[in-house]
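The following note sets out some points for a colleague who is examining this structure. Please read the points alongside the sequence and the coordinates.

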Amino acid sequence: MSSPAMPPKCLMPAEWETHDATWIAWPHHEPDWPGKLEAIRWVYADIVRVLARSERVEILCTDEASHNLARRYLDQTRVPADSYRLHVQPIDRTWLRDSAPTAVRAADGSITWIQWKFNAWAKYDDYHHDAHIPAAVECITGLKRIEARRPDRDAPLVLEGGAIDTDGQGTLLVTEECLMSDVQCRNPGLSREGYEQAFREYLGIEKVIWLGSGCAGDDTHGHVDDIARFVAPGKLVLAVESDPADENHAPLQDNLRRLRNATDAAGRRIEVIPIPMPGPVFFEDMRLPASYANFYIANRMVVVPTFNDPNDRAVLDTLAGLFPGRQVIGLHARDLVLGQGTLHCLSQQQPSGP
């Protein structure tokens with residue numbers, strides 16, 4: 001384990017700040033996409049093709065067979081071989097937003113990885129390989145890694161990257177459902193103030209905005225990256241549901257009410273831009289967490305999950321207006337969301353160092 005000492009004045013950068021790379025993992029776990037793994041591999045190849053136009057893509061492959069398979073798909077998709085790197089590293093699932101570490105930047109520009117304890121959202125048993133992903137990322141990048149600890153006891157802090165979103169200026173978005181719910185308690189006994197202390201210590205956060213619940217069908221119980229995302233300092237997009245009969249309507253309206261008078265770490269009133277939810281997406285009797293808020297901000301583009309829905313175009317147009325310096329690209333995610341996540345869930349950025 002790396003030195004536990006935090007560099008002074010570290011701050012979690014906003015996603016729109018410059019990246020050295022984007023990290024993903026090659027799909028291999030068929031139960032995540034029952035009957036659709038072959039199609040999902042083509043989806044991932046296309047994701048790499050698009051992201052590679054913006055920045056280097058680092059790809060974890062669970063074994064040599066997966067490594068060779070990824071190379072074949074990427075070659076057939078004509079992704080330039082010098083735009084990505086494949087690394088053999090045993091993994092259980094491919095959701096690196098949650099299992100990979102979170103980067104912070106020190107005052108001198110240096111990058112440090114913060115490792116959260118990953119326990120598969122406190123609901124699955126297959127995470128023992130994923131628990132070693134932060135160490136692998138440290139080894140590959142050569143950047144220091146620090147294990148986050150609970151402020152109230154000598155124990156690792158359980159968290160996932162999809163549970164937090166920042167403006168890069170000391171403000172953080174989280175949900176009570178994810179961090180405080182008794183249904184799926186990640187850190188039993190840890191108070192709201194305890195979380196805020198940990199976010200201050202490890203991420204440089206001065207203001208935490210607590211939303212209520214996440215979206216329907218969310219397997220993680222309330223990750224914020226499916227409902228609310230900063231798009232600039234003092235500005236965020238918030239998923240809303242217009243149909244009062246839809247189970248998303250009431251909780252998303254509650255989040256809107258909470259944000260109407262919210263201020264950020266600098267004391268600014270936050271501007272909230274509502275974006276619609278797509279129509280409900282189901283697999284058999286299971287509702288899936290289809291949401292446009294699960295977009296990913298790369299150096300030169302924003303990649304947005306789309307669902308063959310009338311709201312696709314409206315959301316792409318809204319985001320294009322919010323990111324005038326980036327190309328906004330919709331990527332079909334109706335199959336991808338069967339795995340309980342889409343573009344933001346599967347990616348993790350590596351911010352640029354000095």
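Which residues of the largest nonpolar core touch the most other members? The points below begin there, and they concern a predicted model.

1. The largest nonpolar core holds 79 residues, and those touching the most other members are Trp26, Tyr44, Ile59, Leu74, Val303 and Leu336. Helix α1 (residues 37–51) gives the most to this core, contributing nine residues. In soluble globular proteins, nonpolar side chains tend to be buried together.

2. Ile59 merits a separate look. Residues up to four places away in sequence aside, Ile59 touches Ile24, Ala25, Trp26, Val48, Leu74, Tyr84, Arg85, Leu86 and His87. There is also a second, separate core of 25 residues, with Leu157, Leu172, Ile205 and Trp210 among them.

3. Helix α6 comprises 12 residues (192–203), so at 1.5 Å a residue a span of 16 Å is expected, and the 16 Å between its end C-alpha atoms agrees. Within α6, the buried residues are Gly194, Tyr195, Ala198, Phe199, Tyr202 and Leu203. They lie on the same side of α6 because they cover an arc of only 135° around the axis.

4. The packing partners of these buried α6 residues are β4 (102–105), β5 (111–115), β6 (145–147), β8 (171–175), α5 (176–180) and β9 (207–211). Gly204 follows α6 and has a positive phi, near 70°.

5. His344 is found in the loop between β17 (327–332) and β18 (348–351). With a relative accessible area of 1%, His344 is buried, since the cut-off for buried is under 20%. Leaving out residues up to four places away in sequence, His344 touches Glu15, Arg97, Asp225, Arg229, Asn294, Phe295 and Tyr296.

Key
Residues numbered from 1 in each chain as written. Predicted model: local features only at pLDDT ≥ 70, side-chain atom pairs only at ≥ 80, totals over all residues. Heavy atoms only, no water. Helix = DSSP H or I, 4+ residues; strand = E, 2+ residues; numbered from the N terminus. Expected span 1.5 Å × (residues − 1). Buried < 20%, exposed > 50% of the residue type's maximum accessible area, 1.4 Å probe, protein only. Arc of directions from axis to C-beta. Contact = heavy atoms within 4.5 Å. Core = buried A, V, L, I, M, F, W, Y, C linked by side-chain atoms within 4.5 Å.
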